[in-house]
Structure formats: structure tokens, C-alpha cells
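Visitor: I have a structure open on my screen and would like to learn how to read it. Could you walk me through some features, one at a time?

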Amino acid sequence: MGNYIITGGTKGLGFATAQLLAKKKGAKLIITGRDSKTGLAKVHQLQVQSGNTNIHFIKLDLGDFESISSFLGQYKRLLWDGIDALINNAGIQYVSPTRYTEQGYELTFGVNHMGHFFLTDLLMPFMNIASTIINVASGVHNPRLKTGIPNPVYTTAKELAFPEFNSKKNWRKVGQTRYSTSKLCNILHTYRLAREFASEGMDTSVVAFDPGMMPGTGLADDYPAYIRWIWKNILPIRTLFTNRINTPRQSAGILVKLIEGSMGITNKTGYFYVGGEEKSSTQSYDENLQEDLWLFSLDEVNKFRFAKHNQMTK
Ligand SMILES: NC(=O)c1ccc[n+]([C@@H]2O[C@H](COP(=O)([O-])OP(=O)(O)OC[C@H]3O[C@@H](n4cnc5c(N)ncnc54)[C@H](OP(=O)(O)O)[C@@H]3O)[C@@H](O)[C@H]2O)c1
């Protein structure tokens, strides 16, 4: 049983998670992605593999608030009896010169954080009692783990959304830093959202989940061909013997256990990695940063809602 939404369920961790959830008796599942043809093909594959026909695709571009609004409309048409787990999984690691989302936010921050922030805000009224929101984060947010990806640089949410333009940067380093910072944002968002739920007496758990490195997924798609080749053909071998390097299937297995509450954890809100519960970086607990991110994001979402409302009443 259970009603699940997975953002970015077309490949990588999202698809592996969908494969496991689809097999659960009575499960209803929505996967999302930017391309309908791919999404519908993936739904077909999931239905055939699991025998479950309650699997749907809804087109969703997290880099466009209009697309997120229209997701809500389509979700409502399915008339589900609430959501048991929202898995905010979609993510990009963009390492080319700066690009922006439809609302003008830097792409990595816009997709990985702002899009999920808005989606979560819209879906909050539909979360069932004792439901779970999982924000898929990453160990790269944590300088202690020395992952090889540059440490996050959180200045202010406003600066992350609207960075200074500079055409002569080392884009790979900039992109990777933006990625690790966006994963820090996923955790800052998780902890702030958990406080929000607690203050409103809601019993939805909010979890930041680090799947470990999962070589072979689409996350390296923006890298040069030789790096993509190593990512897809060489690094997966390390899943056999290196801690914190997993196949998407292995990480999906833990993610599903987290949703089921079967990891022996009663109060699930917090930070988890594939091996269990652990502390996230010191910076992620900074309530000033959490508040800065929360207020900026809410303000932007409200501006969009206000403009849309005005447009419709004109
Ligand atoms: N791979 C790793 O080593 C690793 C490590 C730690 C954490 N993570 C995290 O795990 C999550 C899943 O990553 P993955 O490795 O499975 O990557 P992936 O194979 O590239 O999958 C990413 C998913 O996100 C979707 N997506 C991309 N851009 C989108 C957008 N603008 N709007 C909506 N959906 C979008 C993609 O769907 P479409 O292309 O069909 O739109 C795809 O389904 C990410 O949050 C990532 O940060 C990954």
C-alpha cells in the first residue's frame, strides 16, 4: 500500500526506486521527467515489470514554476487519497557556463532547490498522516567527507539564485561548487521544513537522504565524453568494494526502507546516508542559513503566485 511521487523517476536513482515501489502491493506511483515520450515509455516498462497498472507519468520541469503549477493540476485530476511519500530526487550537476531557469534563477540552484521547494509547498496540503518527504541530498555537501567535489559556498540565497556574471570562470569548478551548495540547500530546507511541520503539529517526517556515489547514472551527462565514459564504464566497478559507492538499486533499497520506517528509526526526521543515520555538516545545522534560504524561497514563490493571480484576474 502507499501513494508515492518521485521527481526524476525516468532514470538513475529515481527509476530504481520506482522499480521497487511499483512492486509493493496496492502501491500507486507517479514518476516525473521533462520528456513525455521517455516518461511514458518508462511507465510502460514499470507496469510490465511489476504488473501494477497504477503507475503514471506527469511531465515536470523543475526549472519552470509554470510547469510545477501545472503538475499540481494534473496530480489533482488523478484524485488520489493523499500522498504517503514525496521523493524529491531529480537533480542536475551542470558544469558549463551559467544558465538560468524560466524565472531567472541560476540553473543548478533553480532546479535542485527552488523547484523542489515550490513543489513541496504546493503538495503539502495533500500529505497524508504519518507521511514522509525525502530530499535526496549528497555527501558532497559535507567538507569532512573530502569527496573531491569542491565544498559548498553558501553566501546568501539571493546571491546563489542571481550570481554575479563573469564570463571567464573555471566552469567545471564553479558548476561543481554550485552543485555541492545546492545539495547543502536540500539539507537546510529539510531541517527548516521539519521545524515548520513541528510548529504546525503535522506529523510528516522530512528526511535528507544521501545515496552515496552512484556511478553510471545521468548525473555526469554535462561532462566531456571521456569523463562520461569513465563514469559509466570504470567507476561502477568500485560499487563492489568501496564504501559509499553504490549502484542506484542498492541506494534505492535503503531509500525504500526509510519510507517504510523499517530501519529501526522511530522519529525519521533527520539526515541519513546509505549506511544509516549520521550527522550532516556543521553548516547544515546553522539556523540562520536555514532561515535565509526559507525566507528567500518563500518570497520568490509568493511573488510568482501573486503575478499569476493578477494575470488570471485581468
Ligand atoms: N549519482 C550520484 O553519484 C549521486 C550522488 C549523490 C547524490 N545524488 C543525487 O541523486 C539524485 C538522482 O541523481 P541520479 O544520479 O539518479 O541522476 P540522473 O540519472 O541524471 O537522474 C536525474 C533525474 O532528474 C530528472 N531531471 C533533470 N533535470 C530536471 C528538471 N529540470 N526538471 C525535472 N526533472 C529533472 C531527470 O529526468 P529527465 O531527464 O527525464 O527530465 C532524471 O530522471 C540527484 O538529486 C543527485 O543530486 C546522486
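**Reading the model feature by feature**

Guide: Happy to. Let us begin with one residue: Ala-157 belongs to helix α5, which covers residues 157-161. Keep in mind as we go that this is a predicted model.

Visitor: Is Ala-157 buried or exposed?

Guide: The idea is to count neighbours: a residue is called buried when 20 or more other C-beta atoms lie within 10 Å of its own. Ala-157 has 24 such atoms within 10 Å, so it is buried.

Visitor: Which residues is Ala-157 in contact with, leaving aside its neighbours within four places in sequence?

Guide: Its contacts are Asp-292, Leu-293, Phe-296 and Ser-297. Take Ser-297 as an example: it is 140 residues from Ala-157 along the chain, yet their C-alpha atoms are separated by 7.9 Å.

Visitor: Let me try another one. Where is Gly-175 found?

Guide: Gly-175 is in helix α6, residues 171-199. With 23 other C-beta atoms within 10 Å, Gly-175 is buried. Setting aside residues up to four places away in sequence, Gly-175 touches Gln-93, Tyr-94, Val-95, Ser-96 and Thr-108. Val-95 lies 80 residues away along the chain, and the C-alpha atoms of Gly-175 and Val-95 are separated by 4.2 Å.

Visitor: Now the sheet. In what order do the strands of the open sheet come?

Guide: To read a sheet, follow which strand pairs with which. Here 8 strands form an open sheet in the order β3-β2-β1-β4-β5-β6-β7-β8, and the pairing is mixed. β3 and β8 (276-277) are the edge strands, each pairing on one side only.

Visitor: How many residues of strand β3 are buried?

Guide: Of the 5 residues in β3 (residues 55-59), 4 are buried, so the strand is mostly covered. β3 runs parallel to strand β2 (residues 27-33), and 5 bridges join the two. One pair to look for is Gly-33 with its bridge partner Lys-59 in β3. Together with helix α2 (residues 36-50), β2 and β3 make a right-handed β-α-β unit.

Visitor: Which helix makes a right-handed β-α-β unit with β4 and β5?

Guide: That is helix α4, residues 107-123. Strand β4 (residues 83-88) and β5 pair in the parallel sense over 5 bridges, and Ile-87 has Ile-134 in β5 as its bridge partner. Strand β5 (residues 127-136) is mostly covered, with 7 of its 10 residues buried.

Visitor: What comes after β5 in the sheet order?

Guide: Next is β6. Strand β6 (residues 205-210) runs parallel to β5, joined by 5 bridges, and Val-206 in β6 stands opposite Ile-133. β6 also pairs in the parallel sense with strand β7 (residues 270-273), over 4 bridges. There, Phe-209 stands opposite Phe-272 in β7. While you trace these strands, remember that side chains in a regular strand alternate between the two faces of the sheet.

Visitor: How many residues does the largest nonpolar core have?

Guide: It has 74 residues, and those with the most contacts inside it are Ala-18, Leu-29, Ile-134, Phe-209, Leu-255 and Leu-258. Leu-255 makes a good starting point: beyond its neighbours within four places in sequence, it is in contact with Thr-17, Ile-134, Phe-209 and Pro-211.

Visitor: And which residues around the ligand come nearest?

Guide: Of the 29 residues around the ligand, these are Gly-8, Gly-12, Gly-33, Gly-91 and Gly-218. Sorting a shell by residue class is a handy next step: this one divides into 12 nonpolar, 13 polar and 4 charged residues. Helix α1 (residues 12-22) gives the largest share of the shell, 3 residues.

Visitor: Last topic: backbone angles. What is the phi of Lys-146?

Guide: First the general idea: most residues other than glycine have a negative phi. Lys-146 has a positive value, near 45 degrees. Its place is in the loop between β5 and α5, and Lys-146 is exposed, with 9 other C-beta atoms within 10 Å.

Visitor: Where is Arg-244 found?

Guide: Arg-244 is in the loop between α7 (225-233) and α8 (248-260). Its phi is also positive, near 70 degrees. Arg-244 has 15 C-beta neighbours inside 10 Å, so it counts as partly exposed.

Methods
Residues numbered from 1 in each chain as written. Core = buried A, V, L, I, M, F, W, Y, C linked by C-beta atoms within 7 Å. Buried ≥ 20, exposed ≤ 12 C-beta atoms within 10 Å, placed from the backbone. Contact = placed C-beta atoms within 7 Å. Pairing = 2+ DSSP bridges. Right-handed = clockwise from strand over helix to strand, strands pointing away. Near = placed C-beta within 6 Å. Nonpolar A, V, L, I, M, F, W, Y, C, P; charged D, E, K, R; others polar.
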